Amino acid sequence: MTNPAQGAAATGSSWPAILTWRAQSAPRMESVRVQLVGNRIKAAGRIIGGHCDEHPAFSASYDLVTDENGVTRRLSLRTSLASRERQISISRDEEGYWMVEDGTNHTRSTFGGALDVDVVLSPFFNTLPIRRFGMQHDSEDIQVPVVYVYLPDLSVRAADLTYSSGPDGIHVLSPVSSSSVTVDADGFILDYPGLAERI
């Protein structure tokens, strides 16, 4: 499940770190600066995509903060296309309600009990449930409700992702793909076939 050579580049002793992924079949990259303190994650990243059949040319930036249990507290996202810019703020309160704000609309929902946000096209966000459930170390079969954000339009929906981990990797079933991923010792994606690989 882990690749020691690549995992060594992002062990607990080397944080903060910059993690970068390159898409395998589209002109797209993601790079994120990650700070870890226990299970708390603070991340600032960017996804750049060139025009292709999958999406128009776009740039997206995000800032994520989780609590000490790895549960998402807030995520801000901004996208730029040739025709427009959009931004969105997603935060979770102590009662388990999410507030989604995009400047004109405000939505408050539990999103099915979600504790995580997942962003389509991003391998980074799969790390959140993988680390919370320790799937990089133990075999698990779980269904994870998430606040699912689509790029580049920043539409938000409730979704369920299924994770099944074992000795050959972690199988991820999402609304847009099905793949078996490999992770490093800290639970960060090394290879997500069909989406991206870490470089």
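Here are some worked exercises on a predicted model, each with a step-by-step solution.

**Exercise 1. Find out how much space lies in the largest pocket, and which residues lie nearest its centre.**

Solution.
- Start with the volume: the largest pocket holds about 200 Å³ of space.
- Next, look at the walls. The lining is made of 17 residues.
- Nearest the centre you'll find Val 120, Leu 121, Val 176, Ser 177 and Leu 195.
- Now sort the lining by class: nine residues are nonpolar, six are polar and two are charged.

**Exercise 2. Take Leu 121 from that pocket lining and work out what its phi angle is.**

Solution.
- First, place the residue: Leu 121 sits in the loop between β9 and α2.
- Then read off the angle. Phi of Leu 121 is positive, about 80°, although this residue is not a glycine.
- For background, most residues other than glycine have a negative phi.
- Is Leu 121 buried or exposed? Its relative accessibility is 13%, so Leu 121 counts as buried, the cut-off being under 20%.

**Exercise 3. Explore the loop between β10 and β11, looking at Leu 154 and Pro 152.**

Solution.
- Begin with Leu 154, which has its place in this loop. Its phi is positive, about 65°, and it is not a glycine.
- Leu 154 is buried, with a relative accessible area of 2%.
- Move to Pro 152, which is found in the loop between β10 (141-149) and β11 (156-166). The peptide bond that joins Leu 151 to Pro 152 is cis, with omega about 0°.
- As a reminder, most peptide bonds are trans.
- There's a cis bond to look at elsewhere too: it joins Trp 15 and Pro 16, again with omega about 0°. Pro 16 lies in the loop between α1 (4-7) and β1 (17-23).

**Exercise 4. Decide which parts of the chain are tied together by the salt bridge of Arg 28 and Glu 54.**

Solution.
- Check the distance first: the two side chains meet at 3.7 Å, N to O. That fits the salt-bridge cut-off of within 4 Å.
- Locate the partners. Arg 28 belongs to strand β2 (residues 28-37), while Glu 54 is in the loop between β3 (40-49) and β4 (58-66).
- The two are 26 residues apart in sequence, so their salt bridge ties those parts together.
- Compare their surroundings: Arg 28 is buried at 6% relative accessible area, whereas Glu 54 is partly exposed at 47%.
- To put the pair in context, the structure holds 10 salt bridges.

**Exercise 5. Describe the salt bridge between Arg 108 and Asp 93, and name the network that links them with Glu 95.**

Solution.
- The closest N and O atoms of Arg 108 and Asp 93 are 3.4 Å apart.
- This pair links distant parts of the chain: Arg 108 is in strand β8 (residues 106-109), and Asp 93 is in the loop between β6 (85-92) and β7 (98-101), 15 residues away in sequence.
- Both partners count as partly exposed: Arg 108 has a relative accessible area of 46%, and Asp 93 has 27%.
- Now widen the view: Asp 93, Glu 95 and Arg 108 are linked in a network of salt bridges.
- For another pair, try Arg 78 and Glu 85. Their closest N and O atoms are 2.8 Å apart, and they form a salt bridge. Arg 78 is partly exposed, at 39%.

**Exercise 6. Find which side chain of opposite charge is nearest to Arg 131, and how far away it is.**

Solution.
- Arg 131 is part of helix α2 (residues 127-132), and it is buried.
- The nearest side chain of opposite charge is Asp 186, at 4.5 Å.
- A salt bridge needs the atoms within 4 Å, and Arg 131 has none.
- What does Arg 131 touch beyond its neighbours within four places in sequence? Its contacts include Leu 36, Gly 38, Asn 39, Asp 186 and Phe 188.

**Exercise 7. Work out where Asn 126 lies and what it touches.**

Solution.
- Asn 126 is in the loop between β9 (116-119) and α2.
- With a relative accessible area of 2%, Asn 126 is buried.
- Leaving out residues up to four places away in sequence, Asn 126 touches Asp 118, Leu 161, Tyr 163, Val 172, Ile 189 and Tyr 192.
- Finally, relate Asn 126 to Arg 73: they are 53 residues apart in sequence and 16 Å apart in space, C-alpha to C-alpha.

Terms used
Residues are numbered from 1 along each chain as its sequence is written. This is a predicted model: local features need pLDDT of at least 70, side-chain atom pairs count only at pLDDT 80 or more; totals for chains, interfaces and linings use all residues. Side-chain values use heavy atoms; hydrogens and water are left out. On a 1 Å grid over the protein atoms alone, a cavity is a set of points where a 1.4 Å probe fits but cannot get out, and a pocket is an open set with protein on both sides within 12 Å along at least five of seven lines; lining residues have an atom within 4 Å of a point. Grid points are joined across faces, edges and corners, and a volume is the space filled by probe spheres set on the points. Ala, Val, Leu, Ile, Met, Phe, Trp, Tyr, Cys and Pro count as nonpolar, Asp, Glu, Lys and Arg as charged, and the others, Gly among them, as polar. Helices (H or I, at least four residues) and strands (E, at least two) are DSSP runs, numbered from the N terminus. Buried means under 20% relative accessible area, exposed over 50%, partly exposed in between (1.4 Å probe, protein chains only). Lys and Arg count as positive and Asp and Glu as negative; His and the chain ends are not counted. Contact means heavy atoms within 4.5 Å.
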